[in-house]
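Trainee: Please choose one part of this model for a close look, and set it within the chain as a whole before going into its residues.

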Amino acid sequence: MRSFSNLWYWIALAAVWSQTSRYVLGVPYDMIQRAERHGGEAEVDLEDMVRINCNRFLYVAGVSGLWLVGIVAAMFTSMALLAFWYDLEFAQAVFLLGAPMLIVGVLSLNAAQDIRARGLAGKDLRKRMHRHRTATQFVGMAAIFVTALWGMYQNMSIGVLGG
């Protein structure tokens, strides 16, 4: 399966990063903007939604965090071995899509812990959410750049017909 020469892979990559940067800790970014512009009930809705999602992330991390770390580490190690040791292009494509999402997951968990520990609300909460979105977008830009470079390298080294 030629992943890097497949248009659907690049569409999926764009869609994943578009959705990832649109939802900050599971909260739509337009909700943050609306709270900033209008305040009042929009601000309360934002604070409630952030509180619910932060509590959900932190609950899952607290209850099954070690298991998740072990399972995800095993999966990514296997994927990395298949991708770069055994040179499977499909595994490379999946790894280059999934590894940066793992970084975003760690950033999200860190942001959730920070928001809950500091009890952020109002302007401070919106500022933290903006900062998290910016960090997510930087990870996304770097991931797309690295994936594009690796994909071009693969396409040039293998050739158009895969021979």
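Mentor: Of the 163 residues in the chain, 34% are buried, where buried means under 20% relative accessible area, exposed means over 50%, and partly exposed covers what lies in between, all with a 1.4 Å probe and with protein chains only as cover. The model is a predicted one, in which local features need pLDDT of at least 70 and side-chain atom pairs count only at pLDDT 80 or more, although totals for chains, interfaces and linings use all residues. Residues are numbered from 1 along each chain as its sequence is written, and side-chain values rest on heavy atoms, with hydrogens and water left out.

The chain holds five helices and two strands, these being DSSP runs numbered from the N terminus (H or I over at least four residues for a helix, E over at least two for a strand). Read from the N terminus, the order of these elements is α-β-β-α-α-α-α. The C-alpha trace spans about 60 × 35 × 20 Å along its principal axes. Of the contacts with a separation of 6 or more, 73% are between residues 24 or more positions apart, a contact being heavy atoms within 4.5 Å.

The part I would look at closely is helix 3, together with what follows and faces it. If straight, a helix of 46 residues would span 68 Å at 1.5 Å a residue, yet the end C-alpha atoms of helix 3 are only 55 Å apart; the expected figure is 1.5 Å times one less than the number of residues. Helix 3 also has a kink of about 80°, centred on S64, the bend at a residue being the angle between axes fitted to the seven residues ending there and the seven starting there. Helix 4 makes a useful contrast, because its 30 residues should span 44 Å at 1.5 Å a residue and its end C-alpha atoms are indeed 44 Å apart.

The buried residues of helix 3 are A42, E43, L46, V50, N53, C54, L58, G65 and A83, and they pack against strand 2 (27-28), helix 2 (29-38), helix 4 and helix 5. Helix 5 (residues 122-158) contains R126, which counts as buried because its relative accessibility is 12%. Apart from neighbours within four places in sequence, R126 touches I32, A35, E36, E43 and L46, and among these E43 and L46 belong to the buried set of helix 3.

At the far end, helix 3 is followed by D87, whose phi is positive and near 60°. L88 sits in the loop between helix 3 (40-85) and helix 4 (89-118), and it counts as partly exposed because its relative accessibility is 41%. L88 joins L81, L82, W85 and Y86 in a nonpolar surface patch of about 570 Å². Such patches take residues with over 30% relative accessible area and no salt bridge, joining like charges within 9 Å and nonpolar side chains (Val, Leu, Ile, Met, Phe, Trp, Tyr) within 5 Å. For the chain as a whole, about 10,100 Å² is exposed, with 68% supplied by carbon and sulfur atoms, as computed by the Shrake-Rupley method with a 1.4 Å probe.

The helices that helix 3 packs against also carry charged pairs, and the structure holds seven salt bridges, each a side-chain nitrogen of Lys or Arg within 4 Å of a carboxyl oxygen of Asp or Glu. D114 pairs with R118 at 3.2 Å between the closest N and O atoms, and these two are separated by about one helical turn because they lie four residues apart in helix 4. D114 also bridges to R128, with the closest N and O atoms 2.7 Å apart. This second pair links distant parts of the chain, D114 in helix 4 and R128 in helix 5, 14 residues apart. D114 is buried, at 18% relative accessibility, and R128 is buried too, with a relative accessible area of 10%. Elsewhere, salt bridges with shared partners join R22, D30 and R34 into one network. Within it, D30 and R34 meet at 3.0 Å, N to O, both in helix 2 and four residues apart, about one turn of the helix. D30 is partly exposed at 31% relative accessibility, as is R34 at 36%.
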